[in-house]
Amino acid sequence: MAATISIRHSEPDDYEALHRIFSGPKAIWGTLQLPFPSRERWRKRLAEPSEGLFSLVASVEDDVVGSLGLRTFPNRPRRRHAGGIGMAVRDDWHGQGVGTALMEAAIDLADNWLNLRRLELTVVTDNAPAIHLYRKVGFVTEGTLVDYVFRDGVYVDCFTMARVRG
């Protein structure tokens with residue numbers, strides 16, 4: 001039987017769980033995060049979110065297994081129609097629907113509550129599972145950012161992807 005994944009807004013007490021997610025080797029490899037994140041950084045980030053940030057978590061029972069941030073631009077009039085997404089799933093929960101649940105919740109929030117027309121993200125070009133997920137929920141590749149990220153001692157390319165609501 002598949003686990004029931006619940007999506008909710010993050011709470012300040014989730015900082016330990018987010019620290020665990022973003023400490024995982026797969027999260028460090030597949031995101032723009034640096035290794036060795038501090039718990040205090042995550043505590044502060046959740047306790048004092050920046051304006052326009054919608055922070056979601058995925059949980060199974062009471063265990064937080066994924067995180068998605070949807071950054072909007074409330075103070076940039078010409079970008080109010082857009083939002084940027086960053087996400088990570090805990091290493092031991094990859095391939096179990098957590099990313100899909102987070103992306104579907106973010107798209108619902110963007111389309112039906114925030115009236116965002118454009119969602120955008122960057123993803124390293126060798127992260128095939130993430131690229132597959134993003135395409136599955138309607139994102140298209142808009143371009144390649146050459147040598148965009150320094151990871152494991154080398155520069156790697158990223159795709160810039162977007163989903164534009166008609």
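**Exercise 1.** Which residue's side chain does a polar contact of 2.7 Å join to that of Asp111? Place Asp111 in the structure, which is a predicted model.

*Solution.*
- Start with the element: Asp111 sits in helix H4, residues 98–112.
- Next, find the partner. The side chains of Asp111 and Arg163 make the 2.7 Å polar contact.
- List the contacts, leaving out neighbours within four places in sequence: Leu116, Arg163 and Arg165.
- Finally, judge exposure. The cut-off for buried is under 20% relative accessible area. Asp111 has 17% relative accessibility, so Asp111 counts as buried.

**Exercise 2.** Determine whether Met161 is buried or exposed, and find what Met161 touches.

*Solution.*
- Locate the residue: Met161 belongs to strand E7, residues 154–164.
- Read the relative accessible area. The value is 0%, so Met161 is buried.
- Set aside residues up to four places away in sequence. Met161 then touches, among others, Leu119, Leu121, Ile131, Tyr134, Phe139 and Val140.
- Check one distance: the C-alpha atoms of Met161 and Arg79 are 16 Å apart, with these positions 82 residues apart along the chain.

**Exercise 3.** Work out how strands E5 and E6 pair with E7.

*Solution.*
- Take E5, residues 118–124. Strand E5 pairs with E7 in the antiparallel sense, over seven bridges.
- Pick out a bridge here: Thr122 is partnered by Thr160 in E7.
- Turn to E6, residues 140–151. Strand E6 and E7 are also antiparallel, over eight bridges.
- Pick out a bridge again: Val149 is partnered by Val156 in E7.
- End at the hairpin of E6 and E7. Two residues lie between the strands, and Asp152 takes a positive phi near 50°.

Key. Residues are numbered from 1 along each chain as its sequence is written. This is a predicted model: local features need pLDDT of at least 70, side-chain atom pairs count only at pLDDT 80 or more; totals for chains, interfaces and linings use all residues. Side-chain values use heavy atoms; hydrogens and water are left out. Helices (H or I, at least four residues) and strands (E, at least two) are DSSP runs, numbered from the N terminus. Buried means under 20% relative accessible area, exposed over 50%, partly exposed in between (1.4 Å probe, protein chains only). Contact means heavy atoms within 4.5 Å. A polar contact is a pair of N or O atoms within 3.5 Å; within protein, one must be able to donate a hydrogen and the other to accept it, and residues adjacent in sequence count only if both atoms are side-chain atoms. Two strands pair if DSSP finds at least two bridges between them.
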